[in-house]
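Student: I am new to this kind of model and would like to learn how to read its features one by one. Could we begin with the basic vocabulary?

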Amino acid sequence: MAFLALDNLSKRFGTQTAVDGLSLGVEKGEFISLLGPSGCGKTTTLQMIAGFVEPSSGAIRLEGEDLLAVKPAKRGLGIVFQSYALFPHMTATENVAFGLEMQGIAAAERARRVADALELVGLGAFAARYPRQLSGGQQQRVALARALVIRPRILLLDEPLSNLDAKLREEMQIELRQIQRTVGTTTILVTHDQAEAMALSDRVVVMNKGRAEQIATPLEAYEHPATAFVASFLGKTNLVNGVAVRPERIAFAAAGLVGTVRTRIFQGNHWLYQVDTASGLVTVIRQNTGDAMPEEGAAVHLVWEARA
Amino acid sequence: MSRNGPLALAYHALFVVFMLTPILVVCWVAFTPEGFLSFPVRHWSLRWFYAIGRYPEFVSAFWRSLGLGALSSALAVAVSVPAALAIARHQFAGREAMTTLFMSPLMIPHVVLGIAFLRFFTEIGLGGTFAGLVLSHIVIVLPFALRLTLASAVGLDSRIEHAAVSLGASEATVLKRITLPLVLPGLVSGWALAFINSFDEVTMTVFIAAPGTETLPVRMFLYIQDNIDPLVTSVSACVIAITVAALIALDRAYGLERLLVGKGSHGR
C-alpha cells in the first residue's frame with residue numbers, strides 16, 4: 001500500500017473533465033512531479049489532495065486513511081503557492097509561526113522551531129521583515145519554511161519557482177532538492193517546466209488532458225517516452241520516418257541522411273542546428289567542443305543510433 | 001520638482017481657489033459684528049460665535065449628526081463585509097441582482113427617498129425617531145461603504161486564505177486573523193466616505209427628521225428659512241474648523257491618501 005494513493009480520481013467542471021481517472025501511488029519520502037501543459041489537470045489534482053477542490057469521483061488515501069473525509073484544515077499538509085500567498089500583515093516570523101500557533105504549540109517551542117525553519121531556508125537574518133520588504137526568492141523561502149515548520153505529512157508545491165528569474169530558479173531548484181532530502185518530507189510538485197520536474201523529481205507524472213500519459217523516473221520517461229505526447233513534451237524530439245529521435249542523438253558524419261543546414265545557433269555549451277532533409281526539418285544538438293562545425297548552407301549527412 | 005506645465009498649474013490653482021473661496025468667505029463673514037450677512041467684513045467680532053451658546057439645538061444637532069454618521073456608517077460597513085466577501089468570492093444565483101440592489105440608492109434622488117421614508121416610517125411607527133434616521137442613512141451610505149469594502153475584498157488573493165486553512169486554521173480563525181485584517185483598510189475608507197455622506201445629507205433627512213431629531217444640516221437649513229442673521233456662518237466656521245482638525249489628525253495617524261483613496265499598504 002502506497003503512502004499516498006490516488007485511486008481513479010476524476011474532477012468534472014460542468015461538461016469539462018479536468019482530471020480523468022488518475023491513479024497514482026506515492027511512496028513515503030518520494031519527490032514526485034505532476035508535469036504537463038496548462039489545463040492538463042495537474043493543479044486541480046493538487047487542489048483535490050489539499051482539499052480545496054472536491055473530486056467528482058475516486059478516492060485519496062494517506063497512510064490508508066480516507067483523506068476526503070478529513071477537512072482541509074485537518075489534513076496536515078504543507079502548501080507552497082506560485083504567488084507565495086504569504087500573510088502580508090505579518091512578519092516572516094509570524095508567517096512561519098502561524099501553523100504552529102494553530103496546533104497550540106507552546107510559545108517557547110514555537111519560537112525555537114520557527115527560528116530553525118527560517119535557518120533551514122537561509123533566512124535567519126530576515127525574521128522581522130514583512131513580506132513586502134523581501135525579494136521574490138526570499139518570499140518563496142518564507143513560504144517554504146511556513147509549510148515545512150508544521151512537519152507536514154506531504155509537502156505540496158504549486159509552481160513554486162515560476163515567478164523567479166531563470167538564474168534564481170536554478171539556484172532554488174538545487175536548494176529545494178537539498179532541503180527536501182534533509183527533511184525527508186514526501187513532496188508533490190506541480191509544474192509545467194519539464195527541466196524543473198526532471199531536475200527535482202524521483203518520478204514524474206506526465207499529464208495531458210486530465211490523464212497520466214506516463215509515470216516513470218525522469219530518465220526513463222525521457223529515454224523511453226510512452227506516448228508521442230510525452231516524447232514531445234519532455235524536451236525536443238524529431239520524428240524521422242516515423243521514428244522519434246532526440247536532437248542530441250543525431251551526429252554529423254561522412255555518410256547518412258542527406259541534408260542542408262538551414263540555421264545554426266551557438267548556445268555556449270552546445271550548437272543548435274536545423275537541417276532540411278528529404279524527411280523534413282530535423283533539429284540537431286551538438287556539444288561545443290571548440291572544433292569547427294558545419295556552417296549555414298553546408299551540405300551534411302546525419303546519422304543516429306537506433307535505440308530500442 | 002513639478003511635472004506640470006505652467007498652464008496646468010494655473011488651471012489647478014484656479015480650481016483650488018474656486019473650491020476654497022466660498023469656505024473662506026463663510027469663515028470670514030462669521031466674524032462680523034453686524035446683525036445681517038455683510039461682506040466684506042470691516043470690524044471683527046466673536047458675537048456670532050457667542051450666539052451659538054443661545055441656541056443649544058445647534059449644539060445638540062451637531063452631536064446628533066456625529067452620532068448618526070458614526071452609527072449608520074458602522075452598520076453599513078458591518079452589512080458590507082459579508083456582502084462584499086460573498087460577491088467577491090462566490091458565483092451564485094442573484095449575485096448581479098444583489099450588487100445592483102446594494103448600489104441602487106445611488107441612482108434614486110434623495111428627495112424621492114425622503115418622501116418614501118416619511119410615509120413608510122410614519123406607517124410603522126418610526127416617524128421622527130432617531131432609529132428611523134439611522135435606518136434611512138444606512139440605506140444611502142451603503143453604496144459607499146460597499147464600494148470600498150468590495151474593492152479590497154476583490155483585491156484579496158484567496159490563496160492566502162487557502163494557505164491559512166492548510167496550516168490548520170478554522171474558518172472563524174481565517175476570518176479573524178487573515179481576511180478581516182487584510183480588508184481593514186477598505187473598511188476604514190468605506191466608513192470614512194459613508195460618514196462624510198451621512199454628515200452632509202440634508203435633502204432626504206429634512207423630510208424624516210422631526211423637532212428633537214434634527215441633524216445639523218437640517219437645523220441650519222430650517223434656520224436660514226426664517227432668519228438672515230450670520231449665525232449659520234459661525235456654525236459653519238466651527239464645523240469647518242473641526243473638520244480641518246480631524247483631517248490633520250487623521251493624516252498624521254494614518255495618511256489621508258491611504259484612508260480616502262483606499263490604498264491599503266498592510267502592516268507597519
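Tutor: Helices (H or I, at least four residues) and strands (E, at least two) are DSSP runs, numbered from the N terminus. With those terms, Ala85(A) is found in the loop between strand E6 (77–80) and H2 of chain A, and Ala85(A) has a positive phi of about 50° although it is not a glycine. This is a predicted model, in which local features need pLDDT of at least 70 and side-chain atom pairs count only at pLDDT 80 or more, while totals for chains, interfaces and linings use all residues. Residues are numbered from 1 along each chain as its sequence is written, chains are lettered from A and ligands numbered from 1 in the order in which they are written, and side-chain values use heavy atoms, with hydrogens and water left out.

Student: Which other residue has a positive phi although it is not a glycine?

Tutor: Glu63(A) does, with a phi of about 50°, and Glu63(A) lies in the loop between strand E4 (57–62) and strand E5 (65–66) of chain A.

Student: At what angle do helix H2 and helix H3 of chain A pack?

Tutor: Axes are lines fitted to C-alpha atoms, for helices over the stretch in contact, and angles run from 0 to 180 degrees between N-to-C directions. Here H2 (residues 92–102) and H3 (residues 107–120) of chain A pack at about 130°, with their axes 9 Å apart. That makes H2(A) oblique to H3(A), given that angles under 35 degrees count as roughly parallel, over 145 as roughly antiparallel, 65 to 115 as roughly perpendicular and the rest as oblique.

Student: What is a salt bridge, and how many does the whole structure have?

Tutor: Side chains of opposite charge can pair when their charged atoms come close. The rule asks for a side-chain nitrogen of Lys or Arg within 4 Å of a carboxyl oxygen of Asp or Glu, and a search of the whole structure finds 20 over all chains. In one of them Arg203(A) pairs with Glu30(A), the closest N and O atoms being 2.5 Å apart. Arg203(A) lies in strand E9 (residues 203–208) and Glu30(A) in the loop between strand E2 (16–26) and strand E3 (31–35) of chain A, so the pair ties together parts that are 173 residues apart in sequence.

Student: How many salt bridges cross the interface of chain A and chain B?

Tutor: The rule finds one there, and the side chains of Arg177(B) and Glu101(A) meet in a salt bridge at 2.8 Å, N to O.
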